[in-house]
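Okay everyone, thanks for coming. I'll take you through a few spots in this one, so please have the structure up in front of you.

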Amino acid sequence: SGSSDPYCVVKVDNEVVARTATVWKSLNPFWGEEYTLHLPCSFRSLAVYVLDEDAIGQDDVIGKVSLSRQQISAEPRAGVDGWLSLAPVDPNEEVQGEIHIELRVPEQGNPRVLRCHLVGARDLAPRDPSGTSDPFARVSCCGRTLETAVIKKTRFPRWDEVLEFELAEGEAVLRVEVWDWDIVGKNDFLGRVEFPLDTTHTDPTKGWFQLLPFPSTTKDCRGQLGALRLAVQLVEDRVLPPSYYQPLIQLLSEPILCLDKVGAVGWGSQCGNLSVLTLPSPQPPDSTALVLLEDVTSGESRQDVATKLVKIFLGQGLVVPLLDYLTTRELARTTDPNTLFRSNSLASKSVEQFMKVVGLPYLHEVLKPVVNRIFEEKKYVELDPGKMELSRGRRVISFKGSLSEARVRESSLELLKGYLGDILDAIVGSVDKCPLLMRVVFKQLRRRAEERFPSAQHEEVRYFSISGFLFLRFFAPAILTPKLFGLWEQHADPRTGRTLLLLAK
């Protein structure tokens, strides 16, 4: 069809750790997926493979991007961020696994003899259709080559063989290669490892060693296979016992605790009790750790800061007064109510992250039935005359006679109104299912908005201060990209994606 169905596989040291959704029929796919991987300190490389999903046979490998640990950590704050050209995938370079070897040169004897004990290997790449291999080891040293027995149908062979080589004076190199034996055709390469030898030293060498590929012989195909937009950052955190963080938590909580005593909201995290004190609204102090934190954070890092704050204050049972404190400060410095909570301030980001943490099960319960129906029905919806495909629409919408733009628009409006009506009915009917914490936060927000803009001409501020969060930052993004909110396993195909976009708008 002149197109592909691409998806990505993420590998760390040749172990698959993540797979994106498939984007159907596209040469310019957008995934927008983010993964947090907890890696061992000894990890060496990260690779992202782009594949084309096929209904019949094996999926085709389009290309890959490989990044070493050194490349990722070269810029600790920024990491790797940009378009990276896909490189071709050479099967001889796609190796994995480790080999267990013991090398020993006896102190006595002439000539000197190297004893190479090949114990076994593990996690070898599967090279046969059965998902296994038939591995054997080939060892070369000082002009002589020996091989172990073939172990059939396994990726974890155990040879337990000792191969001996007579050493000449001076330096030498021992090469160990692992191959998959094939009865027909050439054997498949599984990896190699080399050991420089100095015959004057007799210290034994033993352990598990990572298998490495042959030196690359693939030609440079940069740009010919396309490019992948990646943002990769390596963060190394030293996590201390909880007591070390208490001074910081107390510093951040201090203004919240002060407000809670004079008229905010407290939430008992242990017993689940809620207390609301409707006393005169306090004025938030201007010189607190939270204020300084907002001043020194950039727009890029503010979402991470907001996420951490929400989790910390949820754990302290103070998330409601935290959000009350931040939104009250935002209201105090807003002069035009039409711009209220429209910026990516710490208050806006904190409420947004709070809704995702607390309200995700509620979001699923409200939206999932309608979202599932949209994906299953795959109805053709389009309102823009410049984007209408009338021939395509005729196959989807049943009309007598010719199909016109007006009819497509009429049918699309009817479908959108139907979906939207079901969504609004589900939201309005879900008041009792809305998490109590969310309802209390919005009740406080409404009260603060009324206090900040009390005049009759600003009567609606109390409502759109809430709807700006509930719809623009909660329901609408989930309708636009259901995959990112766990409402659907795959990204939407182009037709369904267009329906979701128009519905979100």
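Let's start with lysine 25, which is exposed because its relative accessibility is 63% and the cut-off for exposed is over 50%. Bear in mind this is a predicted model. Lysine 25 sits in the loop between β2 and β3. Now look at its backbone: phi is positive, about 50°, although this residue is not a glycine. Most residues other than glycine have a negative phi.

There's another lysine to put beside that one. Lysine 153 also has a positive phi, near 50°, and you'll find lysine 153 in the loop between β9 (144-147) and β10 (158-166). With 62% relative accessibility, lysine 153 counts as exposed.

Back to the loop between β2 (15-19) and β3 (45-52), where leucine 37 lies. Leucine 37 is partly exposed, at 31% relative accessible area. Leu37 joins Val17, Tyr35 and Leu39 in a nonpolar surface patch, and together they have about 280 Å² of accessible area.

So, buried or exposed: what about valine 9? Buried, because its relative accessible area is 12% and the buried cut-off is under 20%. Valine 9 is in strand β1, residues 6-12. Its C-alpha is 9.3 Å from that of lysine 64, and those two are 55 residues apart along the chain.

Last stop, the helices. How do α4 (residues 299-316) and α6 (residues 346-377) meet? Their axes come within 8 Å and cross at roughly 55°, so the two helices are oblique to each other. The crossing of α4 past α6 is right-handed.

Methods:
Residues numbered from 1 in each chain as written. Predicted model: local features only at pLDDT ≥ 70, side-chain atom pairs only at ≥ 80, totals over all residues. Heavy atoms only, no water. Patch = residues over 30% accessible without salt bridge, like charges linked within 9 Å, V, L, I, M, F, W, Y side chains within 5 Å. Areas by Shrake-Rupley, 256 points an atom, 1.4 Å probe, with all protein chains shown as cover. Salt bridge = Lys/Arg side-chain N within 4 Å of Asp/Glu carboxyl O. Helix = DSSP H or I, 4+ residues; strand = E, 2+ residues; numbered from the N terminus. Buried < 20%, exposed > 50% of the residue type's maximum accessible area, 1.4 Å probe, protein only. Axes fitted to C-alpha atoms, helices over the stretch in contact; angles between N-to-C directions. Parallel < 35°, antiparallel > 145°, perpendicular 65-115°, else oblique. Left-handed = near helix turned anticlockwise from the far one by under 90°.
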